[in-house]
Amino acid sequence: MILQESFYQQDVITVSKELLGKILVHQSKEGTTTGRIVETETYRGPEDQAAHSSGGRRTARNEVMFGKKGVAYVYFIYGLYHCFNIIAGDVPGKPEAVLIRALEPMAGKEIMTKRRGQQIKIANLTNGPSKMCMAMGISKSQNKIGLTAPPLCIKEAPLVPQKEIVETTRIGVDYSGEWKSKTWRFYIRDNRFVSIK
DNA sequence: TGCACGATTCTCT
DNA sequence: GAGAATCGTGCAA
């Protein structure tokens, strides 16, 4: 069962928590890779100063945030890396998104290892927002594509119980003033693939 | 047109 | 724990 647009049309915090445990699938020409989502972060918009959409800022880069829910927002960062987000929220046209920060590798580990470099250990394959993009083969060519059908989609899986979800502050947003202290980062307790414990 | 910087990662100390 | 790598983007000029 692939998650449909209605799943992403819930409150963005709810979507962030419920995405934990779900399965990200990418069918590429090199083969299919899948991973269980173990860490997410919420970016609200326009009020959230940590978000690209802060202040209602709308540019060519973040244009997709203002569009349909359940669509991928992939951006290039630090001149080297990519980050993968999913547009979500219960208000149409409000620029909010969920950043996928880490996965637990499932199918296609050989392909992921090949993409990341042969020396990489399994534990370091997907434990960070840019690492998981490299392992899953996600780049700007996946920007703006819908996640409700292959080749890139998210499959249904049982909800992770609230008591196994850790809520903490977001990473790498020290510039955002009071917004940096929002506990909008969620991960599965004791999972070894979480980026930072 | 120019320029400072980032929702990161890796390497070296 | 510090510093480098490396360039598209956003905003000032």
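**Helix 3, a pocket and two DNA strands**

Reader: What follows helix 3, and what is the sign of its phi?
Author: Glycine 117 follows helix 3, and its phi is positive, near 115 degrees.

Reader: How do you know where to count from, and what kind of model is this?
Author: Residues are numbered from 1 along each chain as its sequence is written, while chains are lettered from A and ligands numbered from 1 in the order in which they are written. This is a predicted model, where local features need pLDDT of at least 70, side-chain atom pairs count only at pLDDT 80 or more, and totals for chains, interfaces and linings use all residues; side-chain values use heavy atoms, leaving out hydrogens and water.

Reader: Why is helix 3 called a helix?
Author: Because helices are DSSP runs of H or I with at least four residues, and strands are runs of E with at least two, both numbered from the N terminus. Helix 3 spans residues 109–116.

Reader: Why is threonine 33 called buried?
Author: Its relative accessible area is 0%. Buried means under 20%, exposed over 50%, partly exposed in between (1.4 Å probe, protein chains only), so threonine 33 counts as buried. Threonine 33 sits in strand 2.

Reader: What does threonine 33 touch?
Author: Its partners include Ile111, Met112 and Arg115, with residues up to four places away in sequence not counted. Contact means heavy atoms within 4.5 Å. Ile111, Met112 and Arg115 are also among the buried residues of helix 3. Strand 2 (31–43) is among the elements that cover those buried residues, as are strand 1 (23–28), strand 5 (97–105) and helix 4 (129–136).

Reader: What makes a space a pocket?
Author: A 1 Å grid is laid over the protein atoms alone; a pocket is an open set of points where protein lies on both sides within 12 Å along at least five of seven lines. In a cavity, a 1.4 Å probe fits but cannot get out. Lining residues have an atom within 4 Å of a point. The largest pocket holds about 500 Å³, counted as the space filled by probe spheres set on the points.

Reader: Which residues line the largest pocket?
Author: There are 25, and Tyr75, Cys83, Leu99, Ile171 and Gly172 lie nearest its centre. Helix 4 gives the largest share, four residues. The lining divides into 16 nonpolar, six polar and three charged. Ala, Val, Leu, Ile, Met, Phe, Trp, Tyr, Cys and Pro count as nonpolar, Asp, Glu, Lys and Arg as charged, and the others, Gly among them, as polar.

Reader: How do you know which residues are near DNA strand B?
Author: A residue is near if one of its heavy atoms lies within 4 Å. For DNA strand B that gives 20 residues, and Tyr75 and Arg116 are among the closest.

Reader: What makes arginine 116 a polar contact of DNA strand B?
Author: A side-chain N or O atom of arginine 116 is 2.9 Å from a phosphate oxygen of DNA strand B. A polar contact is a pair of N or O atoms within 3.5 Å, so this pair qualifies. Serine 130 makes one from its backbone, at 3.0 Å.

Reader: Which part of DNA strand C faces the protein, sugar and phosphate or bases?
Author: Of its atoms within 4 Å of the protein, 78% belong to sugar or phosphate. For DNA strand B the share is 53%. Threonine 59 has a polar side-chain atom 2.4 Å from a phosphate oxygen of DNA strand C. For arginine 57 the distance is 3.3 Å, and for arginine 61 it is 3.4 Å.

Key
A polar contact is a pair of N or O atoms within 3.5 Å; within protein, one must be able to donate a hydrogen and the other to accept it, and residues adjacent in sequence count only if both atoms are side-chain atoms.
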